[in-house]
Structures are given as C-alpha cells and as structure tokens.
Amino acid sequence: VTGLDAADTAGFTSAAERLTLLTRPARASRGPQRYHPLVREFLEARLRSAVGSDAVAALHRRAADAAAATDWRVAAYHYREAGDPSAVATTIAKAIPEIMGSGQHASAVEEIDRLPSESHIPVLGLVTSRIHLQMREHSTVIAMSNSILDGVEPGAQESDYALLNLMTVHMQAGYGQRSEPIARRLRETTSSEQLRLIAEGTGLM
C-alpha cells in the first residue's frame, strides 16, 4: 500500500511493537495487529495534515484493492474511507456467497445502510432480505426475492440465492409444498453443486 519494501515495513512494524503501539485481537495469536483507537486517530490526523486528504484517499483505495480478494469487510471499509460508495456496493455484491454462507448479514447490512441511495444495487437486497427472514417478515422477503429474480438471468449467482431465499421463507412459514417448484427451478438452473444438493433435499420433503 505504501510502496515500502518488505525490510522497511518489517523495521517500522518492529519499532511500533517495541513502543507498544500495536496490539493483537488475541494476544496469543499470530494474526493481524492493530493500533489502539486513540493512537490510530492521532496518526491518521497527522497523516492527513502532512500529505492532504487526496493522498490519504489514494492510500485507502490501494488498501481496499489489496484486500478485495480476501476480506470483503476490510475492502469495503477502505473503499468507504476513499469516498467510493459504488466500489463498496460492488465489493459486497461479489462477496454474497461468503456473506450468505457464513451468516455475515449483520456486518454487510451495516455497510449497506451507510451507502447513499444512488449507490444501491438491487442484488444487495439479498443480504437485507436475510435480516427480514430472521425477523419472520415473510411478505417482505418474498417481494425482495422476486424483484431480484425479475432483474437477473436464470442460473446467475443472484438468481440462485433469491430462489434459496424463497425456498427458505416458504418452509419457515409452514408451506413446504410451495417450496417444491422453487427447488425444482433452482435444481435446473444453478451451476452450484452445493445448492443443487440443497434443492434436491427440499424436493424430497
């Protein structure tokens, strides 16, 4: 992100550790390190005064680009700090399989709620609909899922998860039979073997 080589980066990191500026989320782990929030705020303010807001935004963008393939939350944060809400929306959309599969809906919705209305894209409704599903707001989930299905191609990732939402909401509401034609549609259109197995299991109920 900074353009420093590995040796310089290691040197600065070691110096920060000696000054106890860095901490780990779990002291026994070897994972990422963080600055104490007050230290981070001071350093960010000093950086902004030294190089200007445009240069800081460029650093955030480089950090986001570096994280985009491995950590959607880090990438979304840095794109937001870089002043690029459209990139935040795209980052969340690309991470939908991970978000839906690992239950990270609340974190994603927090980012979505920060987006200006003009940066919202329809597929983000998949994430929001999961929160409504947890609250058993069935009619809202059905409407949002059908809206997404109307705007995407069959077999697209967005179609797969919208169909999965509809299957889930009908079963949750006690209308298992209504989920059978949806499961059949998912089974016939998805390219995901995992989702096909889920659909086959639903169709046998």
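**View 1. A nonpolar patch on the surface of this predicted model.** Let's begin on the outside, where Tyr35, Phe42 and Leu43 come together as a nonpolar surface patch. Their joint accessible area is about 270 Å². Tyr35 belongs to strand E2, which covers residues 34-35. With a relative accessibility of 34%, Tyr35 is classed as partly exposed.

**View 2. A salt bridge between Asp84 and Arg61.** A search of the whole structure turns up five salt bridges, and here is one to enjoy at close range. The side chains of Asp84 and Arg61 meet with an N to O distance of 2.3 Å. Asp84 sits in the loop between helix H4 (72-81) and helix H5 (85-94), while Arg61 is part of helix H3 (residues 53-67), so the pair ties together parts that are 23 residues apart in sequence. Asp84 counts as buried, at 18% relative accessibility, whereas Arg61 is partly exposed at 32%.

**View 3. A salt-bridge network around helix H7 (residues 105-114).** Glu111 and Arg114 form a salt bridge through their side chains, 3.4 Å from N to O. Both residues are in helix H7, and because they are three residues apart there, about one helical turn separates them. Glu111 is buried, with 8% relative accessibility, but Arg114 is partly exposed at 46%. Salt bridges with shared partners link Arg80, Glu81, Glu111 and Arg114 into one network. Within this group, look also for the salt bridge between the side chains of Glu81 and Arg80, at 3.6 Å from N to O. Glu81 is partly exposed, with a relative accessibility of 34%, and Arg80 is partly exposed at 27%.

**View 4. Asp160, a buried residue without a salt bridge.** Here is a charged side chain to set beside the pairs above. Asp160 is found in helix H10 (residues 157-172). Although buried, Asp160 makes no salt bridge, and Arg196, the nearest side chain of opposite charge, is 8.2 Å away. A salt bridge would need the nitrogen and oxygen within 4 Å. Leaving aside residues up to four places away in sequence, Asp160 touches Gly155, Leu186, Thr190, Ser191 and Leu195.

**View 5. Ile131 and its contacts.** We finish in helix H8 (residues 125-134), the home of Ile131. With residues up to four places away in sequence set aside, Ile131 touches His105, Ala106 and Val109. Ala106 and Ile131 are 25 residues apart along the chain, and 7.4 Å separates their C-alpha atoms. Ile131 is partly exposed, at a relative accessible area of 22%.

Key. Residues are numbered from 1 along each chain as its sequence is written. This is a predicted model: local features need pLDDT of at least 70, side-chain atom pairs count only at pLDDT 80 or more; totals for chains, interfaces and linings use all residues. Side-chain values use heavy atoms; hydrogens and water are left out. Helices (H or I, at least four residues) and strands (E, at least two) are DSSP runs, numbered from the N terminus. Buried means under 20% relative accessible area, exposed over 50%, partly exposed in between (1.4 Å probe, protein chains only). Contact means heavy atoms within 4.5 Å. Patches are made of residues with over 30% relative accessible area and no salt bridge: like charges are joined within 9 Å, nonpolar side chains (Val, Leu, Ile, Met, Phe, Trp, Tyr) within 5 Å. Accessible areas come from the Shrake-Rupley method with a 1.4 Å probe; for residues, only the protein chains shown count as cover. Lys and Arg count as positive and Asp and Glu as negative; His and the chain ends are not counted.
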